[in-house]
Amino acid sequence: VALKGVWTASGTGASHVTATITAAVGDVIHVVGGNGGGTAGVTVGAPTSTLAGAVVHNLQSNTAASNCAGGAWSIDGFTGGTGTVTVPQSSSTEDMSFLVIQESSATAATAVRSAKSTGSSRTASYTPSQAGSRIIYAVYDWSQGTLVAETPTSSTHNTSTPGPQAVPFTYSPLGLYSAWEDTLDAQASTGATTYGITGTGTGPYTIFVVEIQQTGAAAIPPILVMPPRRP
Amino acid sequence: VTVVQNIPNTRLIGQQTFNFTNTAQAWNNATLVIDRTINGGLNSLTTADTLTLSVDRSTDGGTTWRPVAAITCIGGVLVTKGVTLASETLGVGVGNVGDGFRVTAVPSTPVRVAGTFTYE
């Protein structure tokens, strides 16, 4: 799995959009997003894209019910060219964030290679279906609890050249909720790994874990974190 | 058609496994929901107590099992923004006709569980 780009965005509004993306045939884009879940029933909707040929696949989602709303999606089918990815939410006053990952040499994630949990668990264990997969995981804390760290850290669960990499994105609007959104490159084994956060908080947490299988060996270039562009 | 399978009200003294029949079609998700509020349930414990819930998948009728996902729930009455946490959920993808699942619960101290495992 070769990482080509990473985009993040956060704040209130009916939607957030990435900067311009150049997608080649065979590229795959993965999205995780969540919001504060301040009102029961609010959602983070499936993303849309202006990239030619884009086909969006729903992986996991959660409608707010005294917890954070959110979801995970994959997008493939690109025929080349430039465009953007937009992630909407059902309430423009909710505070939301997203992490968008663009890859080549990857297979679009499917629901069967993903997991979701809601409740008091600070982590969700997941077993990748193959070695070398990329994992995206996101944790949304409705209580905005105590200071915590993400787990696993890049130094213990990434083996690719040129070195361990991860893209932790944290967001914690005061008094609303906290979000941690990460991607970890090639998994070292096919054993179960616990993804999430450490600490003593009790949430409730909304967690998404998505496995992205590689379709061929590829070096992972340096990660470029690009600024978000508001709609 | 959504299929709901019940996890009967059960007092766990140690590890216990609940098995479920194979799926009849390729669903999108299977979701485990555990009720925290039953008498003797998670809400009756302390925050130092835990209950680990794991989901395994079998594609050969239960001969071999592969771990899919797991969570570690915290005991006690957990109140956030004035709302008491009432349930725990764990969802996993279901890809193929015939996939079977089992749920294994491991409590740190005796506790009751009850809930559902739903194919959606």
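Across the interface of chain B and chain A in this predicted model, 15 residue pairs are found in polar contact, both members of each pair having pLDDT 80 or more, whereas the count of salt bridges across that interface is 0. The contact draws 27 residues from chain B and 28 residues from chain A, and the two chains bury about 1900 Å² between them, of which 52% lies on carbon and sulfur atoms. On the side of chain B, the residues that lose the most area to chain A are B:Ile74, B:Thr80 and B:Lys81, which together account for 24% of what that side buries.

Strand 5 (66-74) and strand 8 (87-93) of chain B each supply at least two residues of the side that touches chain A, and strand 5 of chain B gives the most, with 9 residues. By residue class, this side of chain B divides into 13 nonpolar, 9 polar and 5 charged residues. Strand 5 of chain B is also paired across the interface, in the antiparallel sense and over 3 bridges, with strand 12 (residues 123-126) of chain A; within this pairing, A:Ala124 stands opposite B:Ile71.

Within chain A, strand 9 (residues 85-88) pairs with two further strands. Its pairing with strand 2 (residues 15-17) of chain A is antiparallel over 3 bridges, with A:His16 opposite A:Val87, while its pairing with strand 5 (residues 48-49) of chain A is antiparallel over 2 bridges, with A:Val85 as the bridge partner of A:Ser49. The residues A:Val85 and A:Val87 form the covered face of strand 9 of chain A, and A:Thr86 and A:Pro88 form the uncovered one.

Technical notes
Residues are numbered from 1 along each chain as its sequence is written. Chains are lettered from A and ligands numbered from 1 in the order in which they are written. This is a predicted model: local features need pLDDT of at least 70, side-chain atom pairs count only at pLDDT 80 or more; totals for chains, interfaces and linings use all residues. Side-chain values use heavy atoms; hydrogens and water are left out. Buried means under 20% relative accessible area, exposed over 50%, partly exposed in between (1.4 Å probe, protein chains only). Helices (H or I, at least four residues) and strands (E, at least two) are DSSP runs, numbered from the N terminus. Two strands pair if DSSP finds at least two bridges between them. Contact means heavy atoms within 4.5 Å. Buried area is the accessible area (1.4 Å probe) that two parts lose on being put together, summed over both. A salt bridge is a side-chain nitrogen of Lys or Arg within 4 Å of a carboxyl oxygen of Asp or Glu. A polar contact is a pair of N or O atoms within 3.5 Å; within protein, one must be able to donate a hydrogen and the other to accept it, and residues adjacent in sequence count only if both atoms are side-chain atoms. Ala, Val, Leu, Ile, Met, Phe, Trp, Tyr, Cys and Pro count as nonpolar, Asp, Glu, Lys and Arg as charged, and the others, Gly among them, as polar.
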